[in-house]
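Visitor: I would like to learn how to read the protein surface around a bound strand, one feature at a time. Where should we begin?

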There are 2 protein chains.
Amino acid sequence: MGATKTDHFTDKQNELAIILKALAHPARIAIVEYLLTVNTCICGDIVNELPLAQPTVSQHLKELKNAELIQGNIEGNAVCYCINPKTFKKLEKLMDVLFKSIKKQKTTCC
Amino acid sequence: MGATKTDHFTDKQNELAIILKALAHPARIAIVEYLLTVNTCICGDIVNELPLAQPTVSQHLKELKNAELIQGNIEGNAVCYCINPKTFKKLEKLMDVLFKSIKKQKTTCC
DNA sequence: ATTTAATATTGTAATATTACGATAAACGAT
DNA sequence: ATCGTTTATCGTAATATTACAATATTAAAT
């Protein structure tokens with residue numbers, strides 16, 4: 001016990017859960033929003049922007065990168081980060097299925 | 001250390017993170033999807049539907065209820081659950097801001 | 001009043017997340 | 001080669017999440 005029983009759920013359910021989980025932290029939302037305003041920046045810029053220590057920011061960046069929500073390219077001794085629109089589009093599609101289902105529902109509740 | 005530093009982020013960032021976190025588990029996505037197909041059901045139906053023990057399902061339902069993604073109405077000795085469309089619409093609006101920003105971005109990356 | 005059925009809560013073990021200091025690794029500049 | 005800059009990783013403490021057995025609660029049925 002303790003670990004999520006991913007085996008028992010569908011691939012789509014697990015995939016959506018992984019992307020949502022990567023976004024489900026205010027620091028990571030802030031990073032994404034920041035990247036959307038500046039388009040591109042190095043890790044140090046994000047460290048300056050957030051009220052968190054450098055290793056913490058680095059860890060959040062790693063999680064966003066693992067979920068493929070962002071991309072990091074090495075530029076000399078710095079790393080240039082940016083949004084990976086592909087994953088966001090995938091997320092949008094998955095969420096759209098949910099949102100459309102909700103709009104189709106007629107009964108409010110029991 | 002250990003706890004999320006919610007104080008340092010905006011209300012919107014925290015609000016979105018809380019809703020996403022509530023959805024960011026395959027079991028809870030499965031519950032939401034199931035509720036969307038049946039519109040309304042009692043807790044026991046969800047327990048039968050999922051590969052999880054009754055207390056685990058009850059805990060997931062509580063989290064979805066805390067985030068106001070679902071609603072639970074007492075019906076005799078059973079509890080009738082259903083989707084709360086309001087929160088999903090709020091989520092859709094918050095996500096739409098992100099998705100639109102991504103579409104506006106011209107530069108792919110560094 | 002007792003029994004049955006449906007949920008919730010409590011307690012707890014296993015695991016995961018969050019945060020950061022200390023340190024390492026990688027590169028450019030001197 | 002050494003130094004400064006930038007980022008990642010390691011180690012670790014605090015906290016949160018996930019899961020379930022056992023138990024409690026609630027209400028209907030007998």
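Guide: Begin with nearness: a residue is near a molecule or strand if one of its heavy atoms lies within 4 Å of it. This is a predicted model, in which local features need pLDDT of at least 70 and side-chain atom pairs count only at pLDDT 80 or more, while totals for chains, interfaces and linings use all residues. Residues are numbered from 1 along each chain as its sequence is written, chains are lettered from A and ligands numbered from 1 in the order in which they are written, and side-chain values use heavy atoms, with hydrogens and water left out.

Visitor: Which residues are the closest to DNA strand D?

Guide: DNA strand D is surrounded by 30 residues, of which Lys5(A), Gly44(A), Gln54(A), Tyr81(A) and His60(B) are the closest. Of the atoms of this strand that come within 4 Å of the protein, 67% belong to sugar and phosphate.

Visitor: Which side-chain and backbone atoms lie by a phosphate oxygen of DNA strand D?

Guide: A polar contact is a pair of N or O atoms within 3.5 Å; within protein, one must be able to donate a hydrogen and the other to accept it, and residues adjacent in sequence count only if both atoms are side-chain atoms. Here a polar side-chain atom of Ser58(A) is 2.9 Å from a phosphate oxygen of DNA strand D, a backbone N or O atom of Val79(A) is 3.3 Å from one, and a side-chain N or O atom of Glu63(B) is 3.4 Å from one.

Visitor: What gives the most residues to the surface near DNA strand D?

Guide: Helices (H or I, at least four residues) and strands (E, at least two) are DSSP runs, numbered from the N terminus. H4(B) gives the most to that surface, with 5 residues.

Visitor: Is Gln13(B) buried or exposed?

Guide: Buried means under 20% relative accessible area, exposed over 50%, and partly exposed in between (1.4 Å probe, protein chains only). Gln13(B), found in helix H1 (residues 11-23) of chain B, is buried, with a relative accessible area of 9%. Its side chain reaches the backbone nitrogen of Thr10(B) at 3.0 Å. Counting contact as heavy atoms within 4.5 Å, and leaving out residues up to four places away in sequence, Gln13(B) touches Pro26(A), Ile29(A), Ala30(A) and Glu33(A).

Visitor: Which residues are buried in H5(B)?

Guide: An α-helix has 3.6 residues a turn, so residues three or four places apart point the same way. In H5(B), the buried residues include Leu91(B), Leu94(B), Met95(B), Leu98(B) and Ile102(B).
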